Amino acid sequence: MRKTSLIHCFARQVIRSSSYCRSFSSSPSNNKLFVAGLSWSVDEKSLKEAFSSFGEVSEVRIMYDKDSGRSRGFGFVNFSREDEASSAKDAMDGKALLGRPLKVSFALDKVNREPLNTRYSNRGTTFGRSR
């Protein structure tokens, strides 16, 4: 086999291996919504008010930039019940909040985010060969 064929073969094995791949849960967290397209002026209180008409909102979190402290334009809304979250998603997706249309979907489960260099350990070998 040619060297490039071996590399492609190894790359396919790495991609298939669950220990080296980041996998996202295929089943959404049915009570947690991901809300994008937020205006910078939206705070957690106003976001909670916008979604509370659909049911009991247990938690609201807007993500902020570490350096500037400004909203990153997205956040999460947790509901107590699955049916409340579903109806909120259907009703609020595409609706404007403070002049900006929202994009609402079910949130994916958080993935273990470890740095790339620790997942592919550098212990004297490169792709199965010693240095």
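**Exercise 1. In this predicted model, is D83 buried, partly exposed or exposed, and which side chain does it meet in a salt bridge?**

Solution.
- Start with the accessibility: D83 comes out at 42%. Exposed would need over 50% and buried would need under 20%, so D83 counts as partly exposed.
- Now look for the partner. The side chain of D83 meets that of R81, with 2.5 Å from N to O. The cut-off is 4 Å, so this pair goes down as a salt bridge.
- Check the other end as well: R81 has a relative accessible area of 46%, which makes R81 partly exposed too.

**Exercise 2. How many salt bridges does the count come to, and which residue pairs with K89?**

Solution.
- The count gives 2 salt bridges.
- One of them is R81 with D83, from the exercise above.
- K89 pairs with D90, and here the closest N and O atoms are 3.6 Å apart.
- As for its setting, D90 has a relative accessible area of 55%. That is over the 50% mark, so D90 is exposed.

**Exercise 3. Where does E84 lie, is it buried or exposed, and what does it touch?**

Solution.
- Place it first: E84 sits in helix α3, which covers residues 82-92.
- Next, its cover. E84 is buried, and yet it has no salt bridge.
- Why no bridge? The nearest side chain of opposite charge is R81, at 4.0 Å, whereas the rule asks for a Lys or Arg nitrogen within 4 Å of a carboxyl oxygen. R81 does have a bridge, to D83.
- Finally the neighbours: leaving out residues up to four places away in sequence, E84 touches F54, G55, E56 and F79.

**Exercise 4. Which residues form the negative surface patch, and which helix holds E49?**

Solution.
- The patch is made up of D43, E44, E49 and E59.
- To pin down E49, go to helix α2, residues 44-51.

**Exercise 5. Take two loop residues, R70 and L98. Between which strands does each lie, and what does each touch?**

Solution.
- R70 first: it belongs to the loop that joins β2 (57-64) to β3 (71-79). At 43% relative accessibility it is partly exposed.
- Its contacts beyond four places in sequence are W40, Y64 and D65. W40 is 30 residues away along the chain, but the two C-alpha atoms are 6.9 Å apart.
- Now L98, in the loop between β4 (96-97) and β5 (100-101). With a relative accessible area of 53%, L98 is exposed.
- Have a look at the backbone too: L98 isn't a glycine, but its phi is positive, at about 50°.
- Beyond four places in sequence, L98 touches S39, S41 and V42. For S39, 59 residues along the chain from L98, the C-alpha separation is 6.7 Å.

**Exercise 6. Zoom out: how many helices and strands does the chain have, in what order do they run, and what share of its residues is buried?**

Solution.
- Tally the elements: 4 helices and 8 strands.
- Read from the N terminus, they go α-β-α-β-β-α-β-β-β-α-β-β.
- For burial, 24% of the 131 residues make the cut.
- For the surface, about 9600 Å² is exposed, and carbon and sulfur atoms supply 50% of that.
- Last, the contacts: among those with a separation of 6 or more, 61% link residues 24 or more positions apart. The pairs R70 with W40 and L98 with S39 make handy examples to pick out on screen.

Conventions. Residues numbered from 1 in each chain as written. Predicted model: local features only at pLDDT ≥ 70, side-chain atom pairs only at ≥ 80, totals over all residues. Heavy atoms only, no water. Patch = residues over 30% accessible without salt bridge, like charges linked within 9 Å, V, L, I, M, F, W, Y side chains within 5 Å. Areas by Shrake-Rupley, 256 points an atom, 1.4 Å probe, with all protein chains shown as cover. Lys, Arg positive; Asp, Glu negative; His and termini not counted. Charge placed at Lys NZ, Arg CZ, Asp CG, Glu CD. Buried < 20%, exposed > 50% of the residue type's maximum accessible area, 1.4 Å probe, protein only. Contact = heavy atoms within 4.5 Å.
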